[in-house]
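Biologist: Please take a close look at the part of the model that surrounds the ligands, and then set it in the context of the chain as a whole. I should like the criteria behind each term to be stated as you go.

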Amino acid sequence: MASPTTLRSRRISLQIIALVVSVAGVVGVKATSLIYPYFFCPASPGAVAACPIWMIEHGVLEYHRGFGAVFALIGYLLGLFILIGAIFGRGACGWACPVGFFQDVMKHLRTTPLKNVKPIHVFLISIALILPAMAYSSMALGYLATVGFYLLIALGVHTTLKRERVVGGALLVLLGALLVALTLLLQRGIIEPYRIHPRPLAYLTSIEFTGFTGLISLLTGISSIAILKYRERRGDPFRLRMGGKERLARPVKYFILLSIAPLSYVTGTLAFTDVDPVGGLVATLPTLFYQPELWRGNPTFFWIKAFNTALFVALSITVYRGWCRYLCPLGALWAPFNRTSLFRVEYNPKRCIDCNLCIKACPMGLDPRKQVNTAECIMCGKCVEVCPTDALVLKLGRRRLSRPSPRADLILKRYEEVKGGGSR
Ligand code: SF4
Ligand code: SF4
């Protein structure tokens, strides 16, 4: 194994750094016109840079400024796309993207036993993070409250799918149902929306806040329980492999990417950003926690975005890296660069002992021996981490990034001895 701890800790460190950078606006870092190589909603109060998809939409919508401005923007975009793609390919998906990190965390909630963590402690921490935002309006407190809300969701998912106790999902369903019912009462005017002080009441009487958090809790709870029941009968859908329906579903992300510019042009809207679930997670929810009483926006897009966000969270706990596999237009954008990018995984069949550990580890459901560096590979290096004989190696150009395993040659020698003995 290629020093798995080192590779894994490097990847997790980079993912955390990218996440912190992406919300640096929370502590007052000014927004720049730099483009992230990963997906993050520029409408987020914490965003300090622009998402490429948002730039494409603006390029289309600002055609009235004249071809010069549009060509300059497209030139800037294309230049950066090609530069980032040529160096990293889809590596940013595996190593930097906060959305990918979110899905990795969901995977661990499902599969890693958190033995020393008591559910009641997580619950109390969540409440402690949420309460300050209820008393005082601040963007930073809004983000902390958002983290608290996600911790509650995570607690429900982990309790249901790892500890196999329906109660976690059931509590999420109950919370979600109460919030959705309250939203309906507010929408119909049976309860008067109360958008002023005292501040805590603004949450319970904000249609957008109750609806948004309610939908996420409800769909996450329902899907957790449904997966638990499904698993008992038909196995876990989480590690779907490439082939069959998977092969048909994966091109959807290319259709989404190709439709963004024409749809923005025809509708005159930010066709993807207005409804995208990532914006819901990193922009809409922190904004609602920050100022629920002041939220203003297009109500039609708001509810589509709320549904999409809830579906995104449900997909994240149903299929490992489901968003990256089927829907992410940015992944689709970097995918064609994978074959030629400097950052890549190399496979040496002469060192392979057919142990299949790499297939089990791949979050994208690939067979790394045949499909590494293809358009579906996110260059995460998880196959490299588990390969016992260094048949898979992570590289940047000619430079090897994964350290050689001290036992690789010994394991390979033993394997060849056993194989040779068997064939005699
Ligand atoms: S083939 Fe390897 S590098 Fe590519 S996605 Fe799968 S585990 Fe990650
Ligand atoms: S590439 Fe490595 S992990 Fe994959 S089957 Fe071969 S020896 Fe096993």
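Modeller: I begin with Pro-349, which counts as exposed because it has 8 C-beta neighbours inside 10 Å. The criterion is a count of other C-beta atoms, placed from the backbone, within 10 Å of a residue's own: 20 or more make it buried, 12 or fewer exposed, and values in between partly exposed. This is a predicted model, in which local features need pLDDT of at least 70 and side-chain atom pairs count only at pLDDT 80 or more, while totals for chains, interfaces and linings use all residues. Residues are numbered from 1 along each chain as its sequence is written, and chains are lettered from A and ligands numbered from 1 in the order in which they are written.

Pro-349 belongs to the loop between strand E1 (343–347) and helix H17 (357–361). Here helices (H or I, at least four residues) and strands (E, at least two) are DSSP runs, numbered from the N terminus. Pro-349 is separated from Ile-378 by 29 residues in sequence and by 21 Å in space, C-alpha to C-alpha.

The ligand shells come next. A residue is near a molecule if its C-beta atom, placed from the backbone, lies within 6 Å of it. Ligand 1 has 15 residues around it, and the nearest are Cys-362, Pro-368, Cys-377, Cys-380 and Cys-383. By class, this shell holds 12 nonpolar residues, two polar and one charged. For these classes, Ala, Val, Leu, Ile, Met, Phe, Trp, Tyr, Cys and Pro are nonpolar, Asp, Glu, Lys and Arg are charged, and the others, Gly among them, are polar. Ligand 2 is surrounded by 13 residues, of which Cys-352, Cys-355, Cys-358, Cys-387 and Ala-391 are the closest. The shell of ligand 2 comprises nine nonpolar, two polar and two charged residues.

Two loop residues in this part deserve attention for their backbone geometry. Most residues other than glycine have a negative phi. Asn-373, however, has a positive phi, near 70°. The residue sits in the loop between helix H18 (368–371) and helix H19 (382–386), and Asn-373 is classed as partly exposed because 19 C-beta neighbours lie inside 10 Å. Asp-390 likewise has a positive phi, near 60°, and is located in the loop between H19 and strand E2 (392–396). With 21 C-beta neighbours inside 10 Å, Asp-390 counts as buried.

Now to the wider chain. The protein chain contains 20 helices and three strands, and 44% of its 424 residues are buried. Its radius of gyration is 23 Å, which agrees with the value near 22 Å for a compact globule of 424 residues; the radius is taken over C-alpha atoms, and the globule rule is 2.2 Å times the number of residues to the power 0.38. Along the principal axes, the C-alpha trace spans about 85 × 60 × 40 Å. Two residues are in contact if their C-beta atoms, placed from the backbone, lie within 7 Å. Of the contacts between residues at least 6 apart in sequence, 72% link residues at least 24 apart.

One helix pair illustrates the packing elsewhere. Helix H7 (residues 139–161) packs against helix H13 (residues 277–290) at an angle of about 115°, the axes being 8 Å apart. The contact involves Met-139, Gly-142, Tyr-143, Ala-145, Thr-146 and Phe-149 of H7, together with Leu-285, Pro-286, Thr-287, Phe-289 and Tyr-290 of H13. In terms of class, eight of these residues are nonpolar, three are polar and none is charged. The axes are lines fitted to C-alpha atoms, for helices over the stretch in contact, and angles run from 0 to 180 degrees between N-to-C directions.

After H7, Arg-165 occupies the loop leading to helix H8 (166–187). Arg-165 counts as partly exposed because it has 14 C-beta neighbours inside 10 Å. Apart from neighbours within four places in sequence, Arg-165 is in contact with Thr-159 and Thr-160. The C-alpha atoms of Arg-165 and Leu-228 are 9.0 Å apart, although 63 residues separate them along the chain.
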